[in-house]
Amino acid sequence: MDFALSEEQEMFRGYLRKYLDDAGQTKLAREYSKGKTDELRKTLQGLSALGATGINIPEEYGGLELGTLDLVPVFEEMGRTLLPGCYLETMGFAVPLIKKYGTKAQKEKYLPEIAAGTRSITLGVIEPKTDFSPNAIQCYARKEGDDLVLNGTKTLIPDGDIVDTYLLLVRTEEGSGKTGLSFVFVDHPDGAQMQLQKCIDESKHLAELTFEEITIPKERQLGEEGQGWSILEEGLLYLNAALSSMMVGGMEKVVDMATEYAKIREQFGQPIGRFQAIKHRIVDMKLELETARSLSYYANWALESEEQEREATIYSARSFATNAFIEVASHNIQIHGGIGFSEEIDCHLFLKRARYYESYLGSVNYYNEQIASGLGW
Amino acid sequence: MDFALSEEQEMFRGYLRKYLDDAGQTKLAREYSKGKTDELRKTLQGLSALGATGINIPEEYGGLELGTLDLVPVFEEMGRTLLPGCYLETMGFAVPLIKKYGTKAQKEKYLPEIAAGTRSITLGVIEPKTDFSPNAIQCYARKEGDDLVLNGTKTLIPDGDIVDTYLLLVRTEEGSGKTGLSFVFVDHPDGAQMQLQKCIDESKHLAELTFEEITIPKERQLGEEGQGWSILEEGLLYLNAALSSMMVGGMEKVVDMATEYAKIREQFGQPIGRFQAIKHRIVDMKLELETARSLSYYANWALESEEQEREATIYSARSFATNAFIEVASHNIQIHGGIGFSEEIDCHLFLKRARYYESYLGSVNYYNEQIASGLGW
Amino acid sequence: MDFTITKNEEAFRLELRSWLEENLPPGWLDGNKELPKEKEAYSQFLRDWQRKLYEGGWAAIAWPKEYGGRDATLMEEIIYHQEMVRIDAPPLINYIGIHMVGPTLIQSGTEEQKEKHIQKILTGEEVWCQGYSEPNAGSDLAAIQTNAVKEGDKWIINGQKVWTSFGQFADKCFLLARTSYDREKKHRGITAFLLDMHQPGVETKPIIQMDGKQEFNEVYLTDAIASDADIVGELDKGWRVMIALMLHERTGIGAELFTLEKRFNDLVEMAKEHEVNGQPLLKDSFIRQKMAGLYARVRGSLLNYYRNLTITLKQGHPGAESSIDKLVVSELTKEMAAFAMSIQGHQGVLWKENALIDTRWQENFLASFGQTIGGGTSEVQRNTIGERLLGLPKDLGR
Amino acid sequence: MDFTITKNEEAFRLELRSWLEENLPPGWLDGNKELPKEKEAYSQFLRDWQRKLYEGGWAAIAWPKEYGGRDATLMEEIIYHQEMVRIDAPPLINYIGIHMVGPTLIQSGTEEQKEKHIQKILTGEEVWCQGYSEPNAGSDLAAIQTNAVKEGDKWIINGQKVWTSFGQFADKCFLLARTSYDREKKHRGITAFLLDMHQPGVETKPIIQMDGKQEFNEVYLTDAIASDADIVGELDKGWRVMIALMLHERTGIGAELFTLEKRFNDLVEMAKEHEVNGQPLLKDSFIRQKMAGLYARVRGSLLNYYRNLTITLKQGHPGAESSIDKLVVSELTKEMAAFAMSIQGHQGVLWKENALIDTRWQENFLASFGQTIGGGTSEVQRNTIGERLLGLPKDLGR
């Protein structure tokens, strides 16, 4: 029995934390909200130099060939500083799918650049004014010889403006439902029209991409034709395990903030942490954090195991952390009082991020239902 | 604008409280759990002498011909002392239905005796191992000349052992669904087999009645044949307004208990009410109580008004009070600590009563759904 | 129990309603409810509105007729709020002047103070703010450190105030400053001053809120000046003046409750219109359950308010029960907005001009964090209710 | 991260499992798990079971071999609890002796005390209870008033204990009594005595619980007698002996967590079997949502425990983190039982022989109120976690 990150993983976390502390913690997210990305790019390169972008990439493609658990410290530390960018989607979705379904050519094209930190990949699944379901996917890729011709619109694409490649779920056969869906790579200069979208979490940039007769070669298709939805479901296991770690990182920072503030802020001649209304609430926040952490560790471990209840395990981490993150971030504002309501203090950044993730590729109810069906209920 | 009980109603409450305090408050409920009913009968007669059993009965039948709001103090005070018996079902269900649907003979038979406190009526709707729905009603009343011949079983009949009359919902035409259901009166000696059922709330006696070829005259039918379910729905408006008042009475006592205990119980050299964990929880209990009370007052007022959202109004009082009663009763135990866990202190009696009412003729989810459909959602 | 409205009350409602129809800013009733973005234009727009209210006799209905009010009854005030909420009337820029400072001066101001301020409060020529909270005196308001020292016939005031609403527009400030210090009873030795904001010693700096708005200010006082004539009530007894002042704002919470009710109805509409998986949200059983629960709580909080109002009407002043309204409405507002956002699903993250669904929910959600903090945090409210209404022992340190 | 079990651990599990199969009371594994109702018979049944465990070498596996234990590792203890929970083994009547008093005496008892008690604890000849709480010392345990006065070579003990589990069966009591009084530090001046329960000065009276059971007792001490030889540790330093004693019970919370997990699985089964409106409860979308949430939390609390266990395994003693386990398991147990009752609908009120569905849920629900109070209320647990794990300031009055 050893249910903890290894010493090496914790040591790696130490390097990352130091590095991101030096980079100013949430400073990068705040600058990114204002459209400034220079510092961010530098920091991402630095993280890459530390090895963060090569962890789950095979050695033959320039990676470190480590396991999914080795990614956990990175996700947590990034969550802690709300670091902008598509590390989540790149390492937590695209890489495992490329490894599993990619052709040799695709692996050679994408993996080395990802490992080197020179390429990041985001996800385009959602379409305008629709829900998260197979029927909602109507973006159509018509076959013409060796090409696919794309028409349609993808929306809510995370950080679509700073990313290099889009992994899109499109319909390669007309119709509805899960059949006839396929994943394709679209590289940045492929000619789609991009429109930025404002997000309640301003340290997230969202983009809408409109395709009008955009031609890409057929070898950009990832995995078997028509298997897009089941590839998505496989990818969502990785993505949600990763996302739960990211949220745990954010929660940890939030609980730290509340605890530290309650020790130093005095009212009525007492540090407010002496009042049980504050003290007990922070304890409850801590319980939420620790439970989310345990679930997320186990979810990331389950990815590479034969765990019977793999789906339920991973989705329960996602579902629990989603609610818990919103809750602790909300309490943190209340505990900070007036200053917590100001833009100046970071409290609100975490709340907005928590709400951004709330329904990211599936609501809490959706994932609860996945848990239930995953357990055969 | 006058949203309060009248001075007369509050004065009446005063008499009732004094009377029930003198009768030993929950003592009667405790004795009833042990099967002793002498004191209880005396007390019920005393309440009747105070006018409690005649409030909503027309003067021509020996009642006071007052409004439903005048019943509120009685329900609340009875809820406060967990007074056993079928006052709820008699005054809050049978009387309004008899007034509305009863034949002259039925009125003459039942109303004067109810007003005099010599007859109480309970309800038999549920059947064994079924849910609360029209299809579950399978107890069958076969027509034979001027008679009905009953076969079937009714279960979970409140205080079936001390009551004089049962108002039963039975099927007068074979089939399923809402059609073909009718209400009939069965008087105690009508020959059914009675089996007592243990209840988690031991101050409630439950009974199961089994009918095997039991013949009753057809004039025992209440209201139009086949209209039983809609008569039930009408009756449930009255019953649930009344029940919400009953629960408010219980909640009030629970909040009083918690408040008083928190003032006198000392730990760590402080009355425990000084600790915010206790103080704030009692405040939240008080908020639940006051909200339940406002909803229940309005529900009882709405019974006799043209209030557009009559169903939603009444069922929201029921639904809210149901959850709130369980919640405050649970907190009350925790606030009392060890002693709250003992049988000796009344805390648990209120929790058990709250849980008894939880799914009484419809669960919270059922009533929430009724609110939604009542609002045309 | 009687929910009927008297004929006089109904006439009052109709009079106000028809006045509003004629006098609201152009296009307002057709849905053009945008306020100017730029600060000066915003201020001017609202001052114009206040002036119009004044001219129509609707600026301060609760004030005595002799001071330009209508001697409105409590019920008329309630109706006034209901109507204003119903048509989303423009905010009252001189809310503090009309609902708090004015009545306080009428009750306990000197003749000179009345002469100087009352009329200008009514017209909106003098917009007021309050100077209470400080960086180290939030929930613990009695801990204020801003001090006023007498030099000759002037009071020299130094310190810093924070969370001053309307401070960016205000001409005058109802300021609490320390004029002496009692170690045991910190709330003694505080004096209430009527401070002129247009003087060199007063500097305001907006606070940017988490929802991007700037409704509050820091106010820096550096040798700001007031005179003896600017003191309200007695020297060192400003705490009780402030308490009295807050009691004058007797129906403000009603407006918040009517707003809550209105928002709930909006939420129902949204849940009817917005579809997921091809059916309106309101057809989903989970959402129906939650919404039914919210319906009960919104209804209940409004009914609580009417019940407390009844007590006020009967006994002439509010009972301790009314302390629950603020806690309930602020917490419920937050919870409802959070829920409204959740059911929007992934589209709910779209913001401002990119939003697909009305983003008032998102805005309300973010703003609601101010409601459970400002005007006494929910924690302070719970202490107050526990101690005043339930008689529980006083808290640690108070 | 490694969830594999070593070969030794697996062998341990199999050895225990096969011993249990052969030695459990007749019919136990076939589902006949009724315990005698009558007190004497109940006590005898459980003493027999304890004796059998002793004879098989399974009574006190964590004790050193020289004292009759197995020197079990922490993981073996965990496996032991898992197996016992799996087959709902009969309760350990000498739980206190085996898990607390025994290890304490082994660590810091005198040779005479070891000689006198250790073997009898093992065999169940001496059943133990603890005398801690008093009517005025619940959460504030240091406020105990039971006092011990030296007369000649005897200590004369007077006072009242309450919530003494196993008191009705116990032969001996690990008793805290006041031997001196320090106004500032109330936990000083308390001494730990090994008290004989079979003496005239000791009277026990059962407490009837809200769930109808009688698991706790009041213990009245009227000139009860102990000797110097019965003192554990030093005079006036019983507080630290008690703390050490509680730390010996290092895996008890694990058993509660395994029970929680087992109950959750039972709940799933009930929701599969029980139907409403013609379909199993588990097919209702509202119930699925709630159950998925419970699944996550039950899983999470168990995983927290394993994480804390890992820390204990690595550093040799539990970390402050482990203080969260008790709070989580007790609150979650209560919530789960409440939910299980709710979904039974109206049939859930039927009780005892009239129940249609297994009433363990109802029993658990009522019993769960004891869990969030006994062994430190949830409020005390939150204080402890806040202060020890998070370093928040000490509470009022402590």
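In the UniProt record, an unreviewed entry, residues 129-220 of chain C carry the feature "domain: Acyl-CoA oxidase/dehydrogenase middle". In this predicted model, that span comes out as 45% strand and 0% helix, and its end C-alpha atoms sit 14 Å from each other. UniProt also lists "domain: Acyl-CoA dehydrogenase/oxidase C-terminal" for residues 236-390 of chain C, again from an unreviewed entry. Here the make-up is 70% helix and 3% strand, with 30 Å between the end C-alpha atoms.

The domain assignment for chain C gives three pieces: domain 1 covers 7-93, domain 2 covers 128-246 and domain 3 covers 251-389. Take the pair formed by domain 1 and domain 2 of chain C, whose C-alpha centres are 29 Å apart. Contact between them involves 6 residues on the domain 1 side and 4 residues on the domain 2 side. Together the two domains of chain C bury about 460 Å², and carbon and sulfur atoms account for 59% of that area. Much of the domain 1 share can be pinned on a trio: Lys39(C), Arg47(C) and Ile93(C) provide 76% of what domain 1 of chain C buries against domain 2, more than any other three residues.

Within chain C, strand S1 runs over residues 128-131. Its side chains alternate, with Trp128(C) and Gln130(C) pointing one way and Cys129(C) and Gly131(C) the other. Whichever way they point, all of these residues are buried. S1(C) pairs with strand S4 of chain C (residues 172-178) in the parallel sense, over 4 bridges. Across that pairing, Cys129(C) faces Cys173(C) of S4(C).

Further along chain C, Asp284(C) occupies the loop that links strand S10 (279-280) to helix H8 (285-315). Asp284(C) counts as partly exposed because its relative accessibility is 29%. A polar atom of the Asp284(C) side chain lies 3.0 Å from the backbone nitrogen of Ile287(C). As for longer spacings, Asp284(C) is separated from Gln371(C) by 87 residues in sequence and by 30 Å in space, C-alpha to C-alpha.

His346(C) is also a loop residue, placed between helix H9 (323-343) and helix H10 (360-371) of chain C. Is His346(C) buried or exposed? With a relative accessibility of 11%, His346(C) falls under the 20% cut-off and so counts as buried. Chain A supplies the partners here: sequence neighbours within four places aside, His346(C) is in contact with Ile126(A), Thr130(A), Asp131(A), Phe132(A), Leu156(A) and Ser359(A). With one of them, Thr130(A), the His346(C) side chain makes a polar contact, reaching the backbone oxygen at 2.8 Å.

Chain A also meets chain D, where 43 residues of chain A are in contact with 45 residues of chain D. The area buried between chain A and chain D is about 4100 Å², with 64% of it from carbon and sulfur atoms. On the chain A side, the residues that lose the most area to chain D are Met1(A), Phe3(A) and Trp377(A), which together make up 24% of what that side buries.

Over in chain B, Arg13(B) belongs to helix H1 (residues 7-22). Arg13(B) is buried because its relative accessible area is 7%. Beyond its neighbours within four places in sequence, Arg13(B) has contacts that include Leu5(B), Pro73(B), Glu76(B), Glu77(B) and Arg293(B). Tyr297(B) is another contact of Arg13(B), and the two side chains are joined by a polar contact of 3.4 Å.

Notes: Residues numbered from 1 in each chain as written. Chains lettered and ligands numbered in written order. Predicted model: local features only at pLDDT ≥ 70, side-chain atom pairs only at ≥ 80, totals over all residues. Heavy atoms only, no water. Helix = DSSP H or I, 4+ residues; strand = E, 2+ residues; numbered from the N terminus. Buried < 20%, exposed > 50% of the residue type's maximum accessible area, 1.4 Å probe, protein only. Polar contact = N/O pair within 3.5 Å; in protein donor to acceptor, adjacent residues only side chain to side chain. Contact = heavy atoms within 4.5 Å. Pairing = 2+ DSSP bridges. UniProt positions renumbered as here; feature names shortened; annotations may be inferred. Domains from an automatic or database assignment. Buried area = accessible area lost by both parts, 1.4 Å probe.
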